[in-house]
Amino acid sequence: MPVPPLAEPAARQRIPEWLRFRLPTSDSFAHTRALLDELKLHTVCESARCPNHWECWSKGTATFMIAGDRCTRACGFCAVTTAKPFALEIDEPARVAEATRRMGLKHVVITAVARDDLADGGANHFRETIEKVRALNPGVVIEILTPDFNASEASIDAVLAANPDIFNHNLETVRRLTPSVRSRATYDRSLAVLSLVKQKCAAAIHTKSGIMLGLGETQTEVHEAFLDLRGAGCDLLTLGQYLQPSLKHLPVVEYITPAAFDEYGNHARSLGFKHVASGPMVRSSYHADEFKDVRTGLKSAS
């Protein structure tokens, strides 16, 4: 079955004013940079060329990316390098835990590249990292952003055994565009991962997902994706503007206005999501620690 093409932008568009911002400068940015270099840690902030990393690092926060900086997949939107990965670094979980301690984080986000070269997809490395972080930082809220592990129940069980507080797996885009946007991942498999986590953990773990807008999706398709996520039991949702990392990546078809993001956010909330972050600069882990009501619920339920 042929892959449906993405819509073509009429012309390369100018970045609108609401996406223009000044780069912050502070001692905190340099301190975060130095700490990550010292502990030889990767962050999705750099590897995925996140536009928010200047702000986040200036505030002393970062999203740790474990299992290396080489991904076995080649998604059309993602700037992370696609190449044969190196072997896992056994001491990486301890280094992530130490960085979390030094940064004084109350809410830590841990993600990883896809590791299809490993039998468990890197699931046990996730588990070890969660355990090390929690042991060194009692009381910290741990949010993980995972690949799909090819929907392996054994791999998902390995991650859940460490009891993360929030399990995030991104749907990324609408059903029609998934074959063109995501490498090897499928729309239904991502829904299955979220559904499986919710079935196994019910209220003990909050599930979360994110969608990029501006790739040519329609409003009806976005609303359908919301319903599919709710059907999978997804609790938390992020919606942000897709930005082209380089000319080699998928083009931006449309810049979604802040008003349209507000409308999408309100519609998602009406469907029962416990928390929705919707805006042009929102990313999966951007201001994740601001889910105060969610954190309170997690700790009171545990």
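Is Thr-82 buried, exposed or partly exposed? In this predicted model, Thr-82 counts as partly exposed, since its relative accessibility is 41%. The surroundings of this residue are described below, after an overview of the chain.

## Overall composition

The chain has 302 residues, and buried residues make up 53% of them. Its secondary structure consists of eleven helices and ten strands. Among contacts with a separation of 6 or more, 75% are between residues 24 or more positions apart. The accessible surface of the chain is about 13800 Å², and carbon and sulfur atoms hold 54% of that area.

## Thr-82 and strand β4

Thr-82 belongs to strand β4, which covers residues 81-82. With neighbours within four places in sequence set aside, the contacts of Thr-82 are Cys-71, Thr-72, Arg-73 and Ala-74. Arg-73 also takes part through its backbone: the backbone oxygen of Arg-73 is 2.7 Å from a polar atom of the Thr-82 side chain. Ala-114 is 32 residues from Thr-82 in sequence, and the C-alpha atoms of the two are 9.7 Å apart.

## Residues in strands β5 and β7

His-107 is part of strand β5, residues 107-112. His-107 has a relative accessible area of 9% and is therefore buried, the cut-off being under 20%. The side chain of His-107 forms a polar contact of 2.8 Å with the side chain of Glu-143.

Glu-143 appears again in the surroundings of Asn-168, a residue of strand β7 (residues 166-168). Asn-168 is buried, with a relative accessibility of 0%. Outside the four places on either side in sequence, Asn-168 touches Glu-143, Ile-144, Leu-145 and Thr-146, and also Lys-208, Ser-209, Gly-210 and Ser-284. For Lys-208, the separation from Asn-168 is 40 residues along the chain and 4.4 Å between C-alpha atoms.

## Residue pairs distant in sequence

The table collects C-alpha distances for four pairs.

| Pair | Separation in sequence | C-alpha to C-alpha distance |
|---|---|---|
| Thr-82 and Ala-114 | 32 residues | 9.7 Å |
| Gly-216 and Leu-177 | 39 residues | 8.1 Å |
| Asn-168 and Lys-208 | 40 residues | 4.4 Å |
| His-31 and Met-103 | 72 residues | 9.6 Å |

Two of the residues in the table have not been placed yet. Gly-216 sits in the loop between β8 (206-213) and α9, and at 17% relative accessibility Gly-216 is buried. His-31 is in helix α1, residues 27-38. His-31 has a relative accessible area of 53% and is exposed.

## Helix packing

Two packed helices are described by the angle between their axes and the distance between the axes. Which angle and distance apply to α5 and α6? Helix α5, residues 123-136, packs with α6 at about 5 degrees, and the axes are 8 Å apart. The two helices are therefore roughly parallel, a description that applies to angles under 35 degrees. On the α5 side, the residues that meet α6 are Ala-123, Asn-124, Phe-126, Arg-127 and Ile-130, and their partners in α6 are Ser-155, Ala-158 and Val-159. By class, this contact of α5 with α6 has five nonpolar residues, two polar and one charged.

A second helix pair is α8 with α9, the latter covering residues 219-231. Their axes are 9 Å apart and make an angle of about 35 degrees. From α8, Tyr-187, Leu-191 and Leu-194 meet Glu-224, Ala-225, Asp-228 and Leu-229 of α9. The contact of α8 with α9 divides into five nonpolar and two charged residues, with no polar ones.

## Positive phi in loops

Most residues other than glycine have a negative phi. Which sign does phi take at Asn-150? Phi of Asn-150 is positive, near 55 degrees, and the residue is not a glycine. Asn-150 lies in the loop between β6 (141-145) and α6 (153-160). Its relative accessible area is 41%, so Asn-150 is partly exposed.

Arg-184, also not a glycine, has a positive phi of about 70 degrees. The loop that holds Arg-184 runs between α7 (178-181) and α8 (187-201).

Technical notes:
Residues numbered from 1 in each chain as written. Predicted model: local features only at pLDDT ≥ 70, side-chain atom pairs only at ≥ 80, totals over all residues. Heavy atoms only, no water. Helix = DSSP H or I, 4+ residues; strand = E, 2+ residues; numbered from the N terminus. Buried < 20%, exposed > 50% of the residue type's maximum accessible area, 1.4 Å probe, protein only. Contact = heavy atoms within 4.5 Å. Areas by Shrake-Rupley, 256 points an atom, 1.4 Å probe, with all protein chains shown as cover. Axes fitted to C-alpha atoms, helices over the stretch in contact; angles between N-to-C directions. Parallel < 35°, antiparallel > 145°, perpendicular 65-115°, else oblique. Nonpolar A, V, L, I, M, F, W, Y, C, P; charged D, E, K, R; others polar. Polar contact = N/O pair within 3.5 Å; in protein donor to acceptor, adjacent residues only side chain to side chain.
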